[in-house]
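Please look through the model below with its open spaces and its metal site in mind.

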Amino acid sequence: MSDLVDSAKVDIAYETDSPVLYAVEGAVAWITMNRPSFNNAQNGQMTYALDDAFARAVRDDAVRAIVLAGNGKHFSAGHDIGTPGRDLHHEFDKRLMVPPHTNKPGAELLYTREQEQYLGMCRRWRDISKPTIAMVQGACIAGGLMLAWVCDLIVASEDAFFQDPVNPLMGIPGVEYFAHAYELPPRVAKEFLLLGERMSASRAHSFGMVNKVVPRAELRDAAAAWANKLAGQGRLGNWLTKQAVNHVEELRGKRAASDAVFHMHHFAHAQNDLVTGNSIAGVSGASAAAANKRESGQS
Ligand code: ZN
């Protein structure tokens, strides 16, 4: 709790007013995370801007497919755990019928906030009525996974890698949107979560977590080609088809599993707070990056 109360006094210094870029090319909406100087770390400002962008793409009848991308070297380094724009205690409008969070004590603040911004919004974006493609380059870490996973298709460059290090770093069983054991075979999901190591695009492709891997120079063209093809097909057919597969995932228990693990996730946040005085066990962006460099053999 001390972490939440103390850091409530921290000023938020947004480096941009446009954390998400929106453009329409032909019948495809390109939604691009735009915090390249922070490897597209997701703060609340970005999360709500993503929600605005997805809503805009859905409401525009001329848009028939959506690409989600990240500006710069990396797709997304995950949730913002330490940039000047970290806005854990900033109140945004409540879009998913959750109550305000900033005036809640103890574990309730984070639980309420993450119900909307992470679990709730991810489910909402997954169920968008138009086909979505994640275009992934470089790092796709923790909170970045959630954004890629809610898209229907994932096209990655050869240099892309995927990682959820929150168990080794924070003692938390994966990010808020628990799809790991649906995206990967269970034993591979255990390895991915328990060890928290990087998974290359080619290995992710071998499990079907990624649809296509291409050289970096061809990434945008590959995503555009699929998006344009989808955009040229019938809108209702595309919608029904993605719903059909999403429904199968629900029959396999995806929603119930992610609900259960969301509560484990918050038990772990609360345990960290009780034991260390910080809901993420004192991990900062810098310490997480240092741990990652050690693991990958960089100095
Ligand atoms: Zn969390």
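The paragraphs that follow take up the zinc site, then the two pockets, and last a single glutamate.

This is a predicted model, and its zinc ion offers a convenient place to begin. The zinc ion is coordinated by Glu114, which contributes two OE entries, together with an OE atom of Glu176 and the NE2 atoms of His265 and His269, at distances of 2.1 to 2.4 Å. Read along the sequence, the donor residues follow the spacing E-x61-E-x88-H-x3-H. Glu176 sits in the loop between α5 and α6, whereas His269 belongs to helix α11, so this pair ties together parts of the chain that are 93 residues apart in sequence. Both Glu176 and His269 are buried.

From the metal we can turn to the open spaces. The largest pocket has a volume of about 970 Å³, and 49 residues line it, with Ala77, Gly78, Ile81, Ile141 and Ala288 lying nearest its centre. The elements that each give two or more residues to this lining are α3 (108-126), β5 (139-141), α5 (166-170), α11 (254-276) and α12 (285-296). Of these, α12 supplies the largest share, with 6 residues. Sorted by class, the lining of the largest pocket comprises 21 nonpolar, 18 polar and 10 charged residues.

The second largest pocket holds about 490 Å³ of space and is lined by 25 residues, among which Cys151, Asp152, Leu153, Val245 and Asn246 lie nearest its centre. Two or more lining residues come from each of β4 (132-136), α4 (143-149), β6 (153-157), α6 (180-183) and α10 (235-251). Helix α10 gives the most to this lining, with 6 residues, and the lining as a whole divides into 13 nonpolar, 6 polar and 6 charged residues.

Helix α10 also carries the residue with which this walk ends, since Glu249 is found in it. Is Glu249 buried or exposed? With a relative accessibility of 16%, Glu249 counts as buried, because the limit for that class is under 20%. Which side chain does the side chain of Glu249 meet in a polar contact? The partner is the side chain of Arg126, at 3.0 Å. Leaving aside residues up to four places away in sequence, Glu249 touches Arg126, Tyr182 and Lys254.

Methods:
Residues numbered from 1 in each chain as written. Predicted model: local features only at pLDDT ≥ 70, side-chain atom pairs only at ≥ 80, totals over all residues. Heavy atoms only, no water. 1 Å grid on protein atoms, 1.4 Å probe; cavity = no way out; pocket = protein on both sides within 12 Å on 5 of 7 lines; lining within 4 Å. Points joined across faces, edges and corners; volume = space filled by probe spheres on them. Helix = DSSP H or I, 4+ residues; strand = E, 2+ residues; numbered from the N terminus. Nonpolar A, V, L, I, M, F, W, Y, C, P; charged D, E, K, R; others polar. Buried < 20%, exposed > 50% of the residue type's maximum accessible area, 1.4 Å probe, protein only. Polar contact = N/O pair within 3.5 Å; in protein donor to acceptor, adjacent residues only side chain to side chain. Contact = heavy atoms within 4.5 Å. Donors = N, O, S within 2.8 Å, 3.2 Å for Na, K, Ca; no water.
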